[in-house]
Amino acid sequence: MRKEINWVTRSAEGVRCEVRVNRFAGKITFQYREKGAPDWDHSRTPSLEDWEELLDCLERRYARKQARDEEIEEVRLMIASLKNP
């Protein structure tokens with residue numbers, strides 16, 4: 001990932017949450033910030049839906065040559081491991 005990837009989700013209660021994903025030194029990190037929160041939450045564990053959204057974003061970036069095959073494969077492996085523990 002050359003740039004960070006961002007998207008917005010809503011919780012079951014309807015609270016808006018911004019998600020930011022970075023890849024640095026071979027490690028993918030998710031950061032979350034709910035509406036009104038002053039700081040990013042670095043400790044939350046990403047859900048399967050978060051990983052699938054990241055894969056979708058990476059596949060769209062791949063078409064524009066902004067993502068690499070290795071990154072997409074890494075995320076696909078993570079999704080497979082979450083589906084089949």
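The following paragraphs describe the aromatic contacts, the charges placed over rings, one loop residue and the packing of two helices in a predicted model.

A search of the whole structure returned two aromatic pairs. In one of them, Phe30 and Tyr32 are stacked, with 6.4 Å from centre to centre and 15 degrees between the planes. Phe30 has a relative accessibility of 5% and therefore counts as buried, the cut-off being under 20%, and Tyr32, at 2% relative accessibility, likewise counts as buried. Phe30 also pairs with Trp51, here in an edge-to-face arrangement in which the centres are 4.8 Å apart and the planes stand at 65 degrees to each other. This pair connects distant parts of the chain, since Phe30 belongs to strand 3 (residues 27–34) and Trp51 to helix 1 (residues 48–63), with the two positions 21 residues apart in the sense that they are 21 residues apart. Trp51 is buried, as is Phe30, and the three residues Phe30, Tyr32 and Trp51 form one aromatic cluster.

Two arginine side chains are placed over aromatic rings. Arg44 lies over the face of Tyr32, a member of the cluster just described, at 4.5 Å from the ring centre. Arg20 lies over the face of Trp40, at a distance of 4.0 Å from the centre of the ring.

The loop between strand 3 and helix 1 contains Ala37, which has a relative accessibility of 31% and so counts as partly exposed, a class that spans the interval between the 20% and 50% limits. Although Ala37 and Gln66 are 29 residues apart along the chain, a statement of their spatial relation is also available, their C-alpha atoms being separated by 30 Å.

Helix 1, which contributes Trp51 to the edge-to-face pair, also packs against helix 2 (residues 69–83), the two axes coming within 10 Å and crossing at roughly 160 degrees. Because angles over 145 degrees count as roughly antiparallel, helix 1 is roughly antiparallel to helix 2. The contact involves Leu48, Trp51, Glu52, Leu54, Leu55, Leu58, Glu59 and Tyr62 on the side of helix 1, and Asp69, Glu71, Ile72, Val75, Arg76, Met78, Ile79, Leu82 and Lys83 on the side of helix 2. Helix 1 passes helix 2 in a left-handed crossing. Trp51 thus appears both in the aromatic cluster with Phe30 and Tyr32 and among the residues of helix 1 that make the contact with helix 2.

Definitions and conventions:
Residues are numbered from 1 along each chain as its sequence is written. This is a predicted model: local features need pLDDT of at least 70, side-chain atom pairs count only at pLDDT 80 or more; totals for chains, interfaces and linings use all residues. Side-chain values use heavy atoms; hydrogens and water are left out. Rings of Phe, Tyr and Trp (its six-membered ring) pair if their centres lie within 6.5 Å; planes under 30 degrees apart count as stacked, over 60 as edge-to-face and the rest as tilted. Buried means under 20% relative accessible area, exposed over 50%, partly exposed in between (1.4 Å probe, protein chains only). Helices (H or I, at least four residues) and strands (E, at least two) are DSSP runs, numbered from the N terminus. A charge sits over a ring if NZ of Lys or CZ of Arg is within 6 Å of the ring centre and within 35 degrees of the ring normal. Axes are lines fitted to C-alpha atoms, for helices over the stretch in contact, and angles run from 0 to 180 degrees between N-to-C directions. Angles under 35 degrees count as roughly parallel, over 145 as roughly antiparallel, 65 to 115 as roughly perpendicular and the rest as oblique. A crossing is left-handed if the near helix is turned anticlockwise from the far one by less than a right angle, and right-handed if clockwise. Contact means heavy atoms within 4.5 Å.
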